[in-house]
Amino acid sequence: MSQRQVLQVFEQYQKARTQFVQTVAELATRSQNIETLQNAGVMSLLRPLLLDVVPTIQQTAALALGRLANYNDDLAEAVVKGDILPQLVYSLAEQNRFYKKAAAFVLRAVGKHSPQLAQAIVDCGALDTLVICLEDFDPGVKEAAAWALGYIARHNAELSQAVVDAGAVPLLVLCIQEPEIALKRIAASALSDISKHSPELAQTVVDAGAIAHLAQMILNPDAKLKRQVLSALSQIAKHSVDLAEMAVEAEIFPVVLTCLKDSDEYVKKNAATLIREIAKHTPELSQLIVNAGGVAAVIDCIGNCKGNVRLPGIMMLGYVAAHSENLAMAVIISKGVPQLSICLSEEREDHIKAAAAWALGQIGRHTPEHARAVAVTNVLPVLLSLYMETESSEDLQVKTKKALKNILQKCTYLPALEPLLHDVPPNILKHVVGQFSKVLPHDSKARRLFVTSGGLKKVQEIKAEPGSLLQEYINTINNCYPEEIVRYYSPGYSDALLERVENYQPVL
């Protein structure tokens, strides 16, 4: 065989390998092909091609493996069991930028599925190599490495700590300062994933100087970057008062409020989440948000969106109101109560209704004035029906019951209480009757109205246990009226009168 023929054979073999990996990589983009490829044993066929002499074959083989591993955890598991990870890690340090991107993609695709698979990546020594890639000249390599590190860190505190120990955080902070938007996004996302698990991990991110750089990007025109920046700041601020104060000191107010009007729903949601995570800590931080116009801005945001996007804003109003009478009044003055009432009535998801009920309870629990502001929106019957609804989730029933009690124990606005005398469970009725027993002894106009509206008649129909708190409340109410009036409205009194008529012997 001539030299030319030998070369032709090698050329054909190279073409066949190239065609094979390209076809597999293409087929792996469509989910309907995955099972067939898996059954054909494609993993074991791709593995030797990772060490092929032709760089493009290596890269395409890695890309195909990444796409397969990305699809489900069984295929990701096959990558681990096939001893493919050590090969990838070795080549990651040695090969060109195209291969590095493909290899980092495989590591990300494997690590995303579960803590166990992410731990397998850590165990094969990938973190050190990925951290080195964060210093690569090529922004695409940095991005791929940051993405893989973020996917490993997001599972739990131990994996996140491993990423920190490998020295990733300072380099991720440098990455958010790079000009490439895609790299900024992924680096901010990775910092968010590291920060979320514990105050100590969040402090590590803060110590690397992340907050100042993140805060500067709040007004970046790129919506996807803003999402990640707001998420990272939220994950830092949520852990403690000190970390929340550091976020505030980076002068995120009032600029973050503009994000509540963003056209991107996730930017709105993440901005409201950040404000919530700061507000929940102390009255002082909540007051700072109120002073910056944050409560009014969040209420507007809740009015302009639907579903889960509303949730952090609803909770933020509840946290602010919970701190003090004055802060609850700030929510009332900003017309927060009608907006929360709308959420309670029109939202379909029970967890959103539960959050709105909780927030209304936090607003109404302070003083009679606060309770009245909630009651006048006709929210009490809505809370009651949700509490009594058999299809309501357990959490929704608990939250509505607690909110009703919170509001009722302070409410002295009788027109709102009166409808609750009818068809109410005893544990709620006790609080309603209790409020009437507090108000009626001191208000003659209310006493008269209570009779003409049928309230006194309804109270006489209540069957209370002798000596119970409810019976005491009923006795207090009855003592506000002449005995004959109470008797007149008592059940069976009309029958007694008729009997007296029948038995009456007229004097002729």
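Is E346 buried, exposed or partly exposed? In this predicted model, E346 comes out as partly exposed, with a relative accessibility of 39%. Its salt-bridge partner is K306, and the closest N and O atoms of the two sit 3.7 Å apart. The pair links distant parts of the chain: E346 belongs to helix α24 (residues 336–346), while K306 is in the loop between α21 (294–303) and α22 (311–323), 40 residues apart. K306 itself is exposed, at a relative accessible area of 51%. The pairing does not stand alone, either: salt bridges with shared partners join K306, R310, E346 and E347 into one network.

The loop between α21 and α22 also holds V309. Here the picture is one of burial, since V309 has a relative accessible area of 13%, and the cut-off for buried is under 20%. What does V309 touch, leaving aside residues up to four places away in sequence? The list is E265, K268 and K269. With E265, the C-alpha to C-alpha distance is 6.7 Å, although V309 and E265 are 44 residues apart in sequence.

Back to salt bridges: how many turn up in a search of the whole structure? The search finds 17. In general, side chains of opposite charge can pair when their charged atoms come close. One such pair is R97 with D138, where the closest N and O atoms are 3.2 Å apart. R97 sits in helix α7 (residues 97–111) and D138 in the loop between α9 (126–133) and α10 (139–153), so this pair, too, links distant parts of the chain, 41 residues apart. R97 is partly exposed at 39% relative accessibility, whereas D138 is buried at 12%.

A further salt bridge brings together the side chains of K100 and D136, 3.1 Å from N to O. K100 lies in helix α7 and D136 in the loop between α9 and α10, so parts that are 36 residues apart in sequence are tied together by this pair. Both ends of this bridge are tucked away: K100 is buried, with a relative accessible area of 14%, and D136 is buried at 17% relative accessibility.

Helix α7 also appears among the neighbours of helix α6 (residues 84–94). Which residues of α6 are buried? They are I84, L85, Q87, L88, V89, S91 and L92. These buried residues pack against α3 (42–46), α4 (55–71), α5 (73–81), α7, α8 (115–123) and α9. For α8, the buried residues are L117, A118, A120, I121 and V122. Their cover includes α5, α6, α7, α9, α10 and α11 (157–165). After α8 comes G125, which has a positive phi, near 80°.

Towards the start of the numbering, R17 has its place in helix α1 (residues 3–27). Is this arginine buried or exposed? R17 is buried, with a relative accessible area of 10%. Not counting residues up to four places away in sequence, R17 touches L49, D52, V53, V54 and I57.

Helix packing can be looked at directly for one pair. Two packed helices are described by the angle between their axes and the distance between the axes. Helix α13 (residues 181–195) and helix α14 (residues 199–207) pack at an angle of about 145°, and their axes are 7 Å apart. On the α13 side the contact is made by L191, I194 and S195, and on the α14 side by L201, A202 and V205. Sorted by class, this contact has five nonpolar residues, one polar residue and no charged ones.

Helix α13 shows up again at the largest pocket, which has a volume of about 170 Å³. Which residues line the largest pocket? The lining is made of W147, Y151, R154, R185, I186, S189, K224, R227 and Q228. Helices α10, α13 and α16 (223–237) are the elements that give two or more residues to this lining. By class, the lining has three nonpolar, two polar and four charged residues.

Key: Residues numbered from 1 in each chain as written. Predicted model: local features only at pLDDT ≥ 70, side-chain atom pairs only at ≥ 80, totals over all residues. Heavy atoms only, no water. Salt bridge = Lys/Arg side-chain N within 4 Å of Asp/Glu carboxyl O. Helix = DSSP H or I, 4+ residues; strand = E, 2+ residues; numbered from the N terminus. Buried < 20%, exposed > 50% of the residue type's maximum accessible area, 1.4 Å probe, protein only. Axes fitted to C-alpha atoms, helices over the stretch in contact; angles between N-to-C directions. Contact = heavy atoms within 4.5 Å. Nonpolar A, V, L, I, M, F, W, Y, C, P; charged D, E, K, R; others polar. 1 Å grid on protein atoms, 1.4 Å probe; cavity = no way out; pocket = protein on both sides within 12 Å on 5 of 7 lines; lining within 4 Å. Points joined across faces, edges and corners; volume = space filled by probe spheres on them.
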